[in-house]
Amino acid sequence: MIYTITFNPSIDYMVEVEQFQLGEVNRAKHEYILAGGKGINVSVVLKNLGIESRALGFIAGFTGQEIQERVQHKGIQTDFIDVQNGYSRINFKLKSVQESEVNGNGPFISEDHIHALLEKLKELKTGDILVLSGSIPKCVSNDIYARIMKELLNQGIEIVVDATGNLLMNVLEYKPFLIKPNNHELSEMFHVKLFDQKDIVHYAKKLQQMGAKNVLISMAGDGALFICENGKVYFSEAPKGEVKNSVGAGDSMVAGFIAGYEKTRDFVQAFKMGIATGSASAFSHNLAAKEEVDALLENIQEVEYEY
Ligand SMILES: Nc1ncnc2c1ncn2[C@@H]1O[C@H](COP(=O)(O)OP(=O)(O)O)[C@@H](O)[C@H]1O
Ligand SMILES: O=P(O)(O)OC[C@H]1O[C@](O)(COP(=O)(O)O)[C@@H](O)[C@@H]1O
């Protein structure tokens, strides 16, 4: 079974404005809401690709209920913990000439709630995959993903982490199966400017030396680099297309990689599937659908990166 954990689920409120004017009253051309948060998006895309998962995490208030209902409505198993204070955040996503986002902080999560989550994780078995994805509310310590990985050590459970900063750095010693920072997050983590692919590969390899088995660096419309546990480095361009909404593209890439790996056990196929799924989401108002992914996958070409 694949489990996803979203510490900080969200209602993603998507608004499209023709020409956004800062400081003015702007009228929406198009608006809609989606249940979001990185782990939830991974579960949704896996479902779209025909793969079951169970979505865990914390919800609160009326927004939390709405998120849970929307996820369940898609036929995804959920086992969220209701923290019973405040409300799950509403993240504002503005699409205009540029895309901008405001992501909220989320409700208070206590040590008891974390303990309840750790109890639920006792059901995981050898061969399961756990996806730890997204930010955590400020009240939670940034070693929480590391703490979860430590609990699950040596049980044959592969763990995927999509996070940034110390939340990600802290897990490396526990050897995550896959991590997926984007190029900007990579640059922030090492406090460096990354000028070209050579720089990106250099710092991505550092993350591998620090413990990550596989490192996927997404670069939005510029494609992605994959530092594989087989010692090779691969690059693929992203397909070209009209970007409708790139929110969730990174999560879709994670889901696509997992789906590709589950199906083929081949890292290059998984990488290509990750790119196709990320781009399929970027080219759609919703998260990637299987037919959209299949159509793009045909034309994805990876190249082995020479460095
Ligand atoms: N503008 C775009 N054009 C084509 N593909 C895109 C675009 N933006 C994102 N993607 C696809 O989604 C993947 C992840 O996107 P990215 O924006 O880097 O992730 P994140 O959302 O985590 O920042 C990319 O590697 C690419 O395959
Ligand atoms: O947990 P974070 O880092 O605040 O991100 C949450 C946001 O990220 C998303 O999961 C989208 O993430 P990506 O665009 O990186 O794939 C949104 O659904 C959500 O609003």
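**Ligand shell and sheet in a predicted model**

Reader: In this predicted model, which helix supplies the largest share of the shell around ligand 1?

Author: The largest share of that shell amounts to four residues. Two helices, helix 8 (249-264) and helix 9 (267-282), each contribute at least two residues to the shell around ligand 1. Of the elements that contribute, the one with the largest share is helix 9.

Reader: How many residues surround ligand 1, and how many of the shell residues are charged?

Author: The shell around ligand 1 holds 17 residues, and the closest of them are Ser218, Gly221, Ala249, Gly250 and Gly278. When these shell residues are divided by character, nine are nonpolar and eight are polar, with glycine counted among the polar ones. The number surrounding the ligand is therefore 17, and the number of charged residues is none.

Reader: Why is one side of strand 5 and of strand 14 left without a neighbour in the sheet?

Author: The sheet is open and mixed in its pairing, with 10 strands in the order 5-4-1-8-9-10-11-12-13-14. Strand 5 (77-82) and strand 14 (302-304) stand at the edges of this order, so one side of each lacks a neighbour because each has a single partner strand.

Reader: Which helix packs on the sheet by touching strand 4 and strand 5?

Author: Helix 1 (residues 38-48) packs on the sheet and touches strand 1 (2-6), strand 4 (53-59), strand 8 and strand 9, its direction making about 150° with that of strand 1. The helix that touches strand 4 and strand 5 covers residues 61-73, and its direction makes about 170° with that of strand 5; this is helix 2.

Reader: Which residue of strand 9 is the bridge partner of Ser133?

Author: Strand 8 (residues 129-133) pairs with strand 9 in the parallel sense over five bridges, and these two strands, together with helix 4 (residues 144-151), make a right-handed β-α-β unit. Strand 9 covers residues 158-162, of which four of the five are buried. Within strand 9, the bridge partner of Ser133 is Asp162.

Reader: Which residue of strand 10 is the bridge partner of Val160?

Author: Strand 9 also pairs with strand 10 (residues 178-179), in the parallel sense and over two bridges. In strand 10, the partner that Val160 bridges to is Leu178.

Reader: Do strand 11 and strand 12 pair in the parallel or the antiparallel sense?

Author: Strand 11 covers residues 214-218 and strand 12 covers residues 224-227, and four bridges join the two. Ile217 stands opposite Leu225 in strand 12. The sense of the pairing is antiparallel.

Terms used. Residues numbered from 1 in each chain as written. Chains lettered and ligands numbered in written order. Predicted model: local features only at pLDDT ≥ 70, side-chain atom pairs only at ≥ 80, totals over all residues. Buried ≥ 20, exposed ≤ 12 C-beta atoms within 10 Å, placed from the backbone. Pairing = 2+ DSSP bridges. Right-handed = clockwise from strand over helix to strand, strands pointing away. Near = placed C-beta within 6 Å. Contact = placed C-beta atoms within 7 Å. Axes fitted to C-alpha atoms, helices over the stretch in contact; angles between N-to-C directions.
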